[in-house]
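Colleague: I have this model open on my screen and would rather understand one part properly than skim the whole thing. Please pick a single piece, take a close look at it, and tell me how it fits with its surroundings.

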Amino acid sequence: MNIRQTRQRETILEILRSTHCHPTADWVYEQARKIIPNISLGTVYRNLNFLAKQNQVLRFEHDHVCRYDGYTENHYHFVCTDCGRVCDINVPIDTTLNRRVARGSGYSVSSHRAMFFGLCSECKRK
Ligand SMILES: [Zn+2]
Ligand SMILES: [Zn+2]
């Protein structure tokens with residue numbers, strides 16, 4: 001990987017680590033362009049795929065759109081059904097759920113992910 005490619009990858013990672021908005025690739029591209037004006041959307045996609053595969057960023061899908069998260073510790077998410085924002089939930093992962101599912105299914109369960117739905121505090125006020 002040459003210096004230009006390294007810089008592109010580091011910039012994308014930096015963008016993801018400095019936001020909590022769980023952005024889409026398009027959003028990352030818009031931000032990356034402010035730093036590297038000639039970067040292409042394809043490059044952004046390629047790097048996001050790479051970073052997700054390396055577990056340096058988390059990737060999940062909501063409404064058929066991929067979103068990326070620079071915070072890679074397993075954590076729960078909340079999706080506002082009105083404005084669509086995705087937020088982290090500050091509640092520890094319930095590991096007893098893994099054991100309950102393992103017991104109930106006979107599978108060996110190593111982790112789980114969960115997404116909660118409802119109204120965010122701003123939309124609730126409306
Ligand atoms: Zn909302
Ligand atoms: Zn998150």
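Modeller: What follows is a close look at helix 3, and then at what lies around it.

Some housekeeping before that. Residues are numbered from 1 along each chain as its sequence is written, while chains are lettered from A and ligands numbered from 1 in the order in which they are written. This is a predicted model, where local features need pLDDT of at least 70 and side-chain atom pairs count only at pLDDT 80 or more, although totals for chains, interfaces and linings use all residues.

To set the scene, the protein has 5 helices and 5 strands; these are DSSP runs numbered from the N terminus, with at least four residues of H or I for a helix and at least two of E for a strand. Going along the sequence, the order is α-α-α-β-β-β-β-α-β-α. The domain assignment splits the protein into domain 1 (3-69) and domain 2 (76-125), with bounds that come from an automatic or database assignment. The C-alpha centres of the two domains are 24 Å apart.

Now for helix 3, which covers residues 41-53. Its 13 residues, at 1.5 Å each, should span 18 Å, and the end C-alpha atoms are indeed 18 Å apart, so the two agree. (The expected span is 1.5 Å times one less than the number of residues.)

Which residues of helix 3 are buried? They are Val 44, Asn 47, Leu 48 and Leu 51. By buried I mean that 20 or more other C-beta atoms lie within 10 Å of the residue's own; 12 or fewer makes it exposed, anything in between is partly exposed, and the C-beta atoms are placed from the backbone. Looking down the axis of helix 3, the buried residues fall within an arc of 105 degrees, so they line one face of the helix. That arc is taken from the directions from the helix axis to the C-beta atoms. Over on the other side of helix 3, Gly 42 and Lys 53 are exposed. Thr 43, also in helix 3, counts as partly exposed because it has 18 C-beta neighbours inside 10 Å. Thr 43 and Gln 8 sit 35 residues apart in sequence, but 8.2 Å apart in space, C-alpha to C-alpha.

So what does the buried face look at? The buried residues of helix 3 pack against helix 1, helix 2 and strand 2 (65-69). Ile 12 shows this nicely: setting aside neighbours within four places in sequence, it is in contact with Val 28, Ala 32, Val 44, Asn 47, Leu 48 and Leu 51. A contact here means C-beta atoms, placed from the backbone, within 7 Å of each other.

These residues bring us to the largest nonpolar core, which has 14 residues, with Ile 12, Leu 16, Val 28, Ala 32, Val 44 and Leu 48 making the most contacts inside it. Helix 1 (3-17), helix 2 (25-35) and helix 3 (41-53) are the elements that give it two or more residues, and helix 2 gives the most, with 4. (A nonpolar core is a set of buried Ala, Val, Leu, Ile, Met, Phe, Trp, Tyr and Cys residues joined through C-beta atoms within 7 Å.)

Helix 2 has a buried side too, made of Ala 25, Val 28, Tyr 29 and Ala 32. They span an arc of only 100 degrees around the axis, which puts them on the same side of helix 2. On its other side, Asp 26 and Lys 34 are exposed. The buried residues of helix 2 pack against helix 1, helix 3 and strand 2.

Finally, follow the chain on from helix 3. Just after the helix, Asn 55 takes a positive phi of about 60 degrees. Strand 1 (residues 58-62) pairs with strand 2 in the antiparallel sense over 5 bridges; pairing requires at least two bridges found by DSSP. Leu 58 stands opposite Asp 69 in strand 2. The two strands form a hairpin with 2 residues between them, and Asp 63 in the turn has a positive phi of about 55 degrees.

How values were computed: Two residues are in contact if their C-beta atoms, placed from the backbone, lie within 7 Å.
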